[in-house]
Amino acid sequence: VQLQASGGGLVQPGGSLRLSCAASGRTVSSVGMGWFRQAPGKEREIVAGISKSGGRTYYDDSVKGRFIISRDNAKNTLYLQMYSLKPEDTAVYYCAADFTPARSDYVPGRRIEYDYWGQGTLVTVSS
């Protein structure tokens, strides 16, 4: 499966962006998915995750109330809507998919659980 992340760019503090992750080669409608980010000099960290059904989500405390993860299984696409962006949100954002069989409401929360990764899209929050 190939994951293609897009939607990054330069935005002012307080602004919004929507990231997309289009999957090809294999359906991702039956797997958990997530968004990670990596800032310069830091480890890659999970931002948000979503169960294969889309009914359950996870957010890191740093983005709760500001980011929304969603998926459109008919389009084989994952999204991350980001509001009230802060300079500390600046990072390369990666989407990922976890193909390990799991319950429909399971949200993979650890980096090691993910099997496939997109190439990343850069988000820069600066005035």
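Which residues of the largest nonpolar core touch the most other members? In this predicted model, the largest nonpolar core holds 31 residues, and those that touch the most other members are L3, M33, W35, L80, M82 and Y93. The core draws on many parts of the chain, since two or more of its residues come from each of β1 (2-6), β3 (17-24), β4 (32-38), β5 (45-50), β7 (67-72), β8 (77-82), β9 (91-98) and β11 (121-125). Nonpolar side chains tend to be buried together in soluble globular proteins.

L80 offers a good place to look at this packing in detail. Leaving aside residues up to four places away in sequence, L80 touches L17, R18 and L19, then W35, V47 and A48, and also F67, I68, I69 and Y93.

From the core one can turn to the sheet in which several of these strands take part. Four strands form an open sheet in the order β1-β3-β8-β7, and their pairing is antiparallel. Because β1 and β7 stand at the edges and each has a single partner strand, one side of each is left without a neighbour in the sheet. From one strand to the next, the twist averages 15°. Strands of a sheet pair through backbone hydrogen bonds, in either a parallel or an antiparallel sense.

Within this sheet, β3 and β8 are joined in the antiparallel sense over six bridges, and R18 has Q81 of β8 as its bridge partner. Antiparallel pairing likewise joins β7 to β8, with six bridges between them, and here D72 stands opposite T77 in β8. The hairpin made by β7 and β8 has four residues between the strands, and in this hairpin N76 takes a positive phi near 60°. In a regular strand the side chains alternate between the two faces of the sheet. For β7, the covered face consists of F67, I69 and R71, whereas I68, S70 and D72 make up the uncovered face.

Charged side chains add another set of links, and a search of the whole structure finds seven salt bridges. In one of them D89 pairs with R37, with 2.9 Å between the closest N and O atoms. D89 lies in the loop between β8 and β9 while R37 belongs to strand β4, so this pair ties together parts that are 52 residues apart in sequence. D89 and R37 are both buried.

D89 also meets R66 in a salt bridge, at 2.7 Å from N to O. That pair, too, links distant parts of the chain, for R66 sits in the loop between β6 (57-59) and β7 and D89 in the loop between β8 and β9, 23 residues apart. Both members of this pair, R66 and D89, are buried. A network of salt bridges links R37, E45, R66 and D89. A contrasting setting is found for the salt bridge of K64 with D61, whose closest N and O atoms are 3.1 Å apart, since K64 and D61 are both exposed.

A last stop is E113, in the loop between β9 and β10 (116-117). Is E113 buried or exposed? With a relative accessible area of 13%, E113 is buried, the cut-off for that term being under 20%. The side chain of E113 makes a polar contact of 2.4 Å with the side chain of Y106, and a polar atom of the E113 side chain lies 2.9 Å from the backbone nitrogen of R110. Not counting residues up to four places away in sequence, E113 touches D98, Y106 and P108.

Technical notes. Residues are numbered from 1 along each chain as its sequence is written. This is a predicted model: local features need pLDDT of at least 70, side-chain atom pairs count only at pLDDT 80 or more; totals for chains, interfaces and linings use all residues. Side-chain values use heavy atoms; hydrogens and water are left out. A nonpolar core is a set of buried Ala, Val, Leu, Ile, Met, Phe, Trp, Tyr and Cys residues joined through side-chain atoms within 4.5 Å. Buried means under 20% relative accessible area, exposed over 50%, partly exposed in between (1.4 Å probe, protein chains only). Contact means heavy atoms within 4.5 Å. Two strands pair if DSSP finds at least two bridges between them. Axes are lines fitted to C-alpha atoms, for helices over the stretch in contact, and angles run from 0 to 180 degrees between N-to-C directions. A polar contact is a pair of N or O atoms within 3.5 Å; within protein, one must be able to donate a hydrogen and the other to accept it, and residues adjacent in sequence count only if both atoms are side-chain atoms. A salt bridge is a side-chain nitrogen of Lys or Arg within 4 Å of a carboxyl oxygen of Asp or Glu.
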